[in-house]
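Here is a short guide for a reader new to this structure. Take a look at the chain before reading on.

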Amino acid sequence: VVGAAWTEDFFVKHMMIEKEEDLPKLQKSKYFQSYTGSIYKDIKAVLQTGKEVLFCGTPCQVAGLKKYLGQNYNNMFLIDLLCANCPSAAIFKKYLDENYSMDTLQHYDFRYKSENEKLWNAKKVRVTINDQVQIKSIEEDDYLQVYHTCSLGLSSQCLTCHYQGNTRMGDLTIGDCWGIQTFDKTVDVTKGVTAVLVNNRQGEDLLKRVAKEDIGLLKEEPLDQIRKYNVLAFMEKRHWPHTLRRETFLSEILKGSFADAKDKAIVLPNRSAKVKSDISRTLLKNLIPTKVEGILVKPFSGNSMILSWKKNANAAGYVIEQRKEGNWERIARIGHRNETSFFIENVEKNVTYQFRIMTFVFDHYTALPLYSEYEEFTGKIE
């Protein structure tokens with residue numbers, strides 16, 4: 001089995017393991033580029049002995065391996081990831097050097113989930129220093145802020161990625177099943193849920209080989225729902241612009257500290273984007289999408305209703321929220337401009353439900369989403 005593992009000096013490289021007890025080395029997320037080195041050559045040598053090999057990596061790494069091998073092997077299994085972006089290892093190393101001593105740093109874990117965590121997210125890290133554990137949220141950690149602003153620390157080759165989309169590189173694709181709580185409320189999402197896409201017969205055979213007793217839960221879900229909440233991973237054509245924020249960050253990180261470069265380039269988004277003062281406010285105003293129009297709410301098959309609206313020509317997608325116990329709760333983020341409907345299930349009769357919807361676009365100057373004003377409406381089944 002081949003996957004990405006931490007090195008002793010906190011780089012990440014692809015390595016091959018043959019023992020099950022070594023599997024934890026390849027597990028968990030590492031949010032920057034891994035070094036592949038001679039691993040493709042090593043894989044080919046093992047394949048030619050007849051042994052089975054499973055490789056897991058980003059879609060571009062899987063594509064690179066397939067190109068290197070030059071032919072299909074029945075004993076080769078490929079898994080690619082639902083990947084949004086991949087910063088340079090040099091950027092992470094600069095952050096690490098400025099914040100921690102390599103003599104005392106023992107472990108670094110992305111996506112930390114505590115035992116009592118009820119919110120599934122990817123925005124905490126756990127760092128172990130001299131046997132002392134530190135937990136940092138995105139508000140406290142500079143690297144998380146850079147990574148989760150998508151194009152800010154993006155490597156140049158990722159700006160125009162050719163390996164994501166609906167045509168997958170691997171036999172199986174794995175990633176986060178974001179949004180599943182909105183379309184399948186029977187699944188416990190506390191610790192996270194994995195989406196597994198079966199892309200061909202090889203992938204189907206591989207999944208069938210996993211013993212049922214080793215799987216806590218395996219359910220078939222609609223692919224369209226998974227696409228809705230993993231928008232970046234299913235873009236057929238990705239073209240991140242060379243944003244002012246990205247150019248500022250990459251320029252400033254060569255001059256000074258990681259933190260200073262981040263502070264000069266980033267303003268964390270809330271509901272609307274905040275822009276640097278030298279960007280034209282008039283231009284920004286023209287980018288903001290218009291409100292949703294033509295909203296209709298109709299009964300659908302007994303205890304459910306369907307929300308529909310008029311297609312918004314300048315939107316990238318839609319966000320729908322529902323009023324619950326006095327608070328607005330997001331129930332859908334739809335990343336398709338052509339989608340104009342959404343189902344609400346388990347609706348009680350003669351109860352008036354409150355909803356609101358807004359559109360969003362991605363601003364090419366700040367790399368942040370820009371939102372329209374909300375349009376509020378109600379729905380009721382009699």
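The report below moves from the whole chain to its sheets, its cores and a few single residues.

## The chain as a whole

This is a predicted model. The protein chain has 382 residues, and 45% of them count as buried. Ten helices and 17 strands make up its list of elements. The accessible surface is about 20900 Å². Carbon and sulfur atoms account for 49% of that surface.

Many contacts link distant parts of the sequence. Among contacts in the protein chain with a separation of 6 or more, 64% are between residues 24 or more positions apart.

## Confidence

The average pLDDT of the protein chain is 85. A score of at least 70 is reached by 89% of the residues. One stretch falls short: over residues 268-284 the pLDDT is below 50. Beyond near neighbours in sequence, this stretch still has 30 contacts in the model. Where pLDDT is low, the predicted coordinates should not be read in detail.

## The hairpin at strands 1 and 2

Strand 1 covers residues 2-6 and strand 2 covers residues 12-16. The two run antiparallel and are joined by five bridges. Val2 faces Met16 of strand 2. Together the strands form a hairpin, with five residues between them. In the turn, Phe10 has a positive phi of about 65 degrees.

## Two open sheets of three strands

One open sheet has three strands in the order 5-6-7, with antiparallel pairing. Which strands stand at its edges? They are strand 5 (105-110) and strand 7 (132-137). Each has a single partner strand, so one side of each is left without a neighbour in the sheet. The twist from one strand to the next averages 15 degrees. Strand 5 and strand 6 (residues 124-129) are joined by five bridges and run antiparallel. His107 has Thr128 in strand 6 as its bridge partner.

Another open sheet of three strands follows the order 10-11-14, again with antiparallel pairing. Its edge strands are strand 10 (296-300) and strand 14, and each pairs on one side only. Neighbouring strands here are turned by 25 degrees against each other on average, direction ignored. Five bridges hold the antiparallel pair of strand 10 and strand 11. Val297 stands opposite Leu307 in strand 11.

## The cores

The largest nonpolar core has 31 residues. Which of them touch the most other members? Leu307, Trp309, Ile320 and Phe342 do. Several elements give two or more residues to this core, including helix 5 (180-183), helix 7 (223-229), strand 9 (194-198) and strand 11 (304-308). Strand 12 (317-324), strand 13 (327-334), strand 14 (341-344) and strand 15 (353-362) are also on that list. In soluble globular proteins, nonpolar side chains tend to be buried together.

A second, separate core has 30 residues. Leu96, Phe110, Leu144 and Ile253 are among them.

## Around strand 14

Phe342 has contacts beyond its neighbours within four places in sequence. Among them are Lys228, Tyr229, Ile320, Ile331 and Ala332. Met305, Ile306, Leu307, Trp309 and Ile334 are also in contact with Phe342.

Ser341 lies in strand 14. Is Ser341 buried or partly exposed? At 21% relative accessibility, Ser341 counts as partly exposed, because buried means under 20%. Not counting residues up to four places away in sequence, Ser341 touches Ile306, Leu307, Ser308, Trp309 and Ile334. Ser341 and Lys311 are 30 residues apart in sequence, with 9.6 Å from C-alpha to C-alpha.

## Three buried residues

Met305 sits in strand 11. Its relative accessibility is 0%, so Met305 counts as buried. Met305 and Ile381 are 76 residues apart in sequence, yet their C-alpha atoms are 7.5 Å apart.

Leu154 is in the loop between helix 4 and strand 8 (172-176). Leu154 is buried, with a relative accessible area of 1%. From Leu154 to Cys86 there are 68 residues in sequence and 6.0 Å in space, C-alpha to C-alpha.

Asp142 belongs to helix 4 (residues 142-147). Its relative accessible area is 16%, so Asp142 is buried. Leaving out residues up to four places away in sequence, Asp142 touches Phe258, Ala259 and Lys262.

Technical notes
Residues are numbered from 1 along each chain as its sequence is written. This is a predicted model: local features need pLDDT of at least 70, side-chain atom pairs count only at pLDDT 80 or more; totals for chains, interfaces and linings use all residues. Side-chain values use heavy atoms; hydrogens and water are left out. A nonpolar core is a set of buried Ala, Val, Leu, Ile, Met, Phe, Trp, Tyr and Cys residues joined through side-chain atoms within 4.5 Å. Buried means under 20% relative accessible area, exposed over 50%, partly exposed in between (1.4 Å probe, protein chains only). Helices (H or I, at least four residues) and strands (E, at least two) are DSSP runs, numbered from the N terminus. Contact means heavy atoms within 4.5 Å. Accessible areas come from the Shrake-Rupley method with a 1.4 Å probe; for residues, only the protein chains shown count as cover. Two strands pair if DSSP finds at least two bridges between them. Axes are lines fitted to C-alpha atoms, for helices over the stretch in contact, and angles run from 0 to 180 degrees between N-to-C directions. pLDDT is the predictor's confidence in each residue, from 0 to 100.
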